[in-house]
Amino acid sequence: MTDSTTRVDQSKPSIARVYDYLLGGKDNYAVDREIGDFFIKDLPGSVAIAFANRQALIRAVGAMARDGISQFVDMGSGLPTADNVHQVAQRHNIDARVAYVDNDPIVLAHGRALLATDDRTTVIQADLREPEEIYNHPDVANLINFDEPVGVIFSAILHHLNDAERPGDLVRWWVDRVPTDSQIYISHFRSGENEETRVAEQKLQGSFGRGRWRTDEEIIGLFGDLDLLEPGLVNCSLWRPEPAPGDDVSKIGVDKRDLTVWELLISCGLARKP
């Protein structure tokens, strides 16, 4: 699962490995699967959150690439899976560059193995809450030119920061260091003010000591003064949905009433720095 130089405490769960398990991956331990099984078995249907989030990220990266963004920093990137950010971006621009950031040593080991032959990507182990360490990391500095537009990705990561850790300030830190026309993508657990929200939030807090569902107003506040692009902040399943094979392109769209209670608990938005 890891190389001999990677030290992993198998007694402590990892957010990245729990996501990996929920998405059908194999790079996880029993302690991660225990938490994952709670969502799978005790909150049936909740895995839809992870899948809706991942599909929205794929569409957002494609949208940024089509808008001319050719370099990305993916915060809390998680373990490699199908359609990673660099693979999506490079479908639109073969020269697209991606820096992956995660604090899990397994992500570092697997990421390096995956990216060993791609000099347009890098992966570093760093703490999201230490942005200067990420910004000044030599591997990031060698790959990302912060004088040109950057796509900064916060996919399903800011909700793992408690209010005292000031996630909005963290977003603004990055906004202040990227130029005009850069884009910021955020997906976030959305409070449904219902029992599902309370139980899921309680489980995350009990397992990791963190995890905060936020209201639409609070999530929009994370974008600060950025210009939210269409369709604004919406449930991930509603963010620029793409037609399935054979669908009438003129009738693309998903009705919010068709979403499950779990799909309603994850929202996202993409914004541009003016």
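## Pockets, cavities and cores

By class, 18 nonpolar, 12 polar and 12 charged residues make up the lining of the largest pocket. That mix is a handy place to start with this structure, which is a predicted model. The space inside the largest pocket comes to about 910 Å³. Its lining counts 42 residues, and Ser14, Ile15, Ala16, Asp102 and Asn103 are the closest to the centre. Where in the chain does the largest share of this lining come from? It comes from H1, with five residues. H1, H3, strand E2 (97-102) and helix H9 (195-208) each bring at least two residues to the pocket lining.

Let's follow E2 from here. Five of its six residues are buried, so the strand is largely enclosed by the rest of the structure. E2 has a partner, too: strand E1 (residues 71-75) runs parallel to it, and the two pair over five bridges. To spot one of these links, look for Phe72, whose bridge partner in E2 is Val98.

Phe72 also leads us into the largest nonpolar core. This core has 54 residues, and Phe72 is among those with the most contacts inside it, along with Phe39, Val61, Met64, Val85, Ile153 and Tyr185. Helix H3 (residues 48-66) gives the most to this core, namely 11 residues. A second, separate core holds 30 residues, including Val73, Ala99, Val171 and Val175. This kind of grouping fits a broader pattern: in soluble globular proteins, nonpolar side chains tend to be buried together.

Val85 gives a good view of how the parts of the chain meet. Setting aside residues up to four places away in sequence, Val85 touches Arg54, Leu57, Val61, Phe72, Asp74, Val98, Tyr100 and Ile153. Phe72 and Val98, the bridge partners from before, are both on that list.

Now for the enclosed spaces. Rolling a probe the size of a water molecule over the atoms shows where empty space is left. How many cavities of 30 Å³ or more turn up here? The count comes to two. The largest cavity holds about 190 Å³ of space. It is lined by 16 residues, with Tyr19, Leu22, Phe39, Phe189 and Leu204 nearest its centre. H1, H3 and H9 each give two or more residues to this lining, and H1 gives the most, with four. By class, the lining has 14 nonpolar residues, two polar ones and no charged ones.

Leu22, one of the residues nearest the centre of that cavity, deserves a stop of its own. Is Leu22 buried or exposed? With a relative accessible area of 14%, it falls under the 20% cut-off, so Leu22 counts as buried. You'll find Leu22 in helix H1 (residues 15-22). Leaving out neighbours within four places in sequence, Leu22 is in contact with Gly36, Phe39, Ile40, Val47, Ala50 and Phe51. The C-alpha atoms of Leu22 and Ala48 are 9.3 Å apart, with the two residues 26 places from each other along the chain.

Last comes the second largest cavity, with a volume of about 120 Å³. Among the 14 residues lining it, Ser77, Gly78, Pro80, Asn84 and Tyr100 are the closest to its centre. Tyr100 is a residue we have met already, as one of the contacts of Val85. Here helix H5 (residues 105-115) gives the most to the lining, with four residues. The lining of this cavity divides into eight nonpolar, four polar and two charged residues.

Technical notes:
Residues numbered from 1 in each chain as written. Predicted model: local features only at pLDDT ≥ 70, side-chain atom pairs only at ≥ 80, totals over all residues. Heavy atoms only, no water. Core = buried A, V, L, I, M, F, W, Y, C linked by side-chain atoms within 4.5 Å. Buried < 20%, exposed > 50% of the residue type's maximum accessible area, 1.4 Å probe, protein only. Contact = heavy atoms within 4.5 Å. 1 Å grid on protein atoms, 1.4 Å probe; cavity = no way out; pocket = protein on both sides within 12 Å on 5 of 7 lines; lining within 4 Å. Points joined across faces, edges and corners; volume = space filled by probe spheres on them. Nonpolar A, V, L, I, M, F, W, Y, C, P; charged D, E, K, R; others polar. Pairing = 2+ DSSP bridges.
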